[in-house]
Amino acid sequence: QVQLVESGGGLVQPGGSLRLSCAASGLALDYVAIGWFRQAPGKEREGVSCISSRHGRTDYADSVKGRFTISRDNAKNTVYLQMNSLKPEDTAVYYCATAALGLPCMVVGGKVYEVGFGSWGQGTQVTVSS
């Protein structure tokens with residue numbers, strides 16, 4: 001069984017940085033695409049970023065492009081999301097999830113497409129405020 005645990009969330013001032021981690025057990029992350037998603041109160045869940053299982057190709061939502069960076073450490077079986085130049089609108093609970101085997105990352109309508117992601121973590125809270 002797949003288990004994902006997010007960590008690294010917290011309170012940060014606008015313009016600051018935060019690094020989220022997604023530690024996996026039960027599967028090797030290098031065989032599947034991994035996505036980061038977020039959901040704020042009263043808003044729909046948004047696909048933020050995704051890293052492919054092949055060649056480490058990365059995709060980002062338009063809202064975070066140029067500010068966020070997704071990466072993977074296969075030795076540690078962990079995926080990271082480096083978040084820079086944080087804005088108040090980045091405030092949300094952030095989740096990581098694994099895609100079904102063979103499914104690539106997809107960007108639709110300026111957001112990472114979440115259909116096909118099966119296993120999800122419990123989420124970590126990110127708050128950007130003065």
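Before looking anything up I fixed the cut-off that the first entry needs: a residue counts as buried under 20% relative accessible area, as exposed over 50%, and as partly exposed in between. I also note at the outset that this is a predicted model.

**Entry 1: Asp59**

I began with Asp59, which I located in strand 6 (residues 58-60). Asp59 has a relative accessible area of 16%, and because the limit for buried is under 20%, I entered Asp59 as buried. I then asked which residues Asp59 is in contact with once its neighbours within four places in sequence are left aside. The list I obtained is Val48, Ser49, Cys50, Cys105, Val107 and Val112. The side chain of Asp59 also meets that of Arg57 in a salt bridge, at 3.3 Å from N to O. Arg57, with a relative accessible area of 42%, is partly exposed, so I recorded this salt bridge as one that pairs a buried Asp59 with a partly exposed Arg57.

**Entry 2: the other salt bridges**

Next I looked up how many salt bridges the model holds, and the count came to 6. One of them joins Glu114 to Arg45, with the closest N and O atoms 2.5 Å apart. Where do the two partners of this pair lie along the chain? Glu114 sits in the loop between strand 11 (111-112) and strand 12 (117-120), while Arg45 sits in the loop between strand 4 (34-39) and strand 5 (46-51), so that the pair links distant parts of the chain, 69 residues apart. I checked the accessibility of each partner and found Glu114 partly exposed at 25% and Arg45 partly exposed at 32%.

I turned then to Lys65, which forms a salt bridge with Asp62, the closest N and O atoms being 3.4 Å apart. Here Lys65 is exposed, with a relative accessible area of 53%, and Asp62 is exposed as well, at 52%. I also wrote down that Arg38, Glu46, Arg67 and Asp90 are linked in a network of salt bridges.

**Entry 3: the nonpolar cores**

I looked for the largest nonpolar core and found that it has 27 residues, those with the most contacts inside it being Trp36, Phe68, Val79, Leu81, Met83 and Tyr94. Which strands each supply at least two residues of this core? They are strand 3 (18-25), strand 4, strand 5, strand 7 (68-73), strand 8 (78-83), strand 9 and strand 13 (124-128). Strand 3 gives the most to this core, with 4 residues.

I followed Val79 further and, leaving aside its neighbours within four places in sequence, listed its contacts as Leu20, Ser21, Cys22, Leu29, Ile34, Trp36, Ile51, Ile70, Ser71 and Arg72. A second, separate core has 8 residues and includes Phe37, Ala97, Val112 and Phe117. I noted that Val112, a member of this second core, had already appeared among the contacts of Asp59.

**Entry 4: the loops on either side of strand 8**

In the loop between strand 7 and strand 8 I looked up Asn77, whose phi is near 55 degrees, a positive value in a residue other than glycine. Asn77 is buried, with a relative accessible area of 16%.

In the loop between strand 8 and strand 9 I looked up Ser85, where phi is near 50 degrees, again a positive value in a residue other than glycine. Ser85 is partly exposed, with a relative accessible area of 42%.

Pro88 lies in the loop between strand 8 and strand 9, and at 45% relative accessibility Pro88 counts as partly exposed. Which residues touch Pro88 when its neighbours within four places in sequence are left aside? I found contacts with Pro14 and Val128. The C-alpha atoms of Pro88 and Val128 are separated by 4.8 Å, although the two residues are 40 residues apart along the chain.

**Entry 5: a nonpolar patch on the surface**

Last I looked at the surface, where Met106, Val108, Tyr113 and Val115 form a nonpolar patch with about 360 Å² of accessible area together. Met106 is found in the loop between strand 9 (92-99) and strand 10 (107-108). Its relative accessible area is 41%, and I therefore entered Met106 as partly exposed.

How values were computed:
Residues are numbered from 1 along each chain as its sequence is written. This is a predicted model: local features need pLDDT of at least 70, side-chain atom pairs count only at pLDDT 80 or more; totals for chains, interfaces and linings use all residues. Side-chain values use heavy atoms; hydrogens and water are left out. Patches are made of residues with over 30% relative accessible area and no salt bridge: like charges are joined within 9 Å, nonpolar side chains (Val, Leu, Ile, Met, Phe, Trp, Tyr) within 5 Å. Accessible areas come from the Shrake-Rupley method with a 1.4 Å probe; for residues, only the protein chains shown count as cover. A salt bridge is a side-chain nitrogen of Lys or Arg within 4 Å of a carboxyl oxygen of Asp or Glu. Buried means under 20% relative accessible area, exposed over 50%, partly exposed in between (1.4 Å probe, protein chains only). A nonpolar core is a set of buried Ala, Val, Leu, Ile, Met, Phe, Trp, Tyr and Cys residues joined through side-chain atoms within 4.5 Å. Contact means heavy atoms within 4.5 Å.
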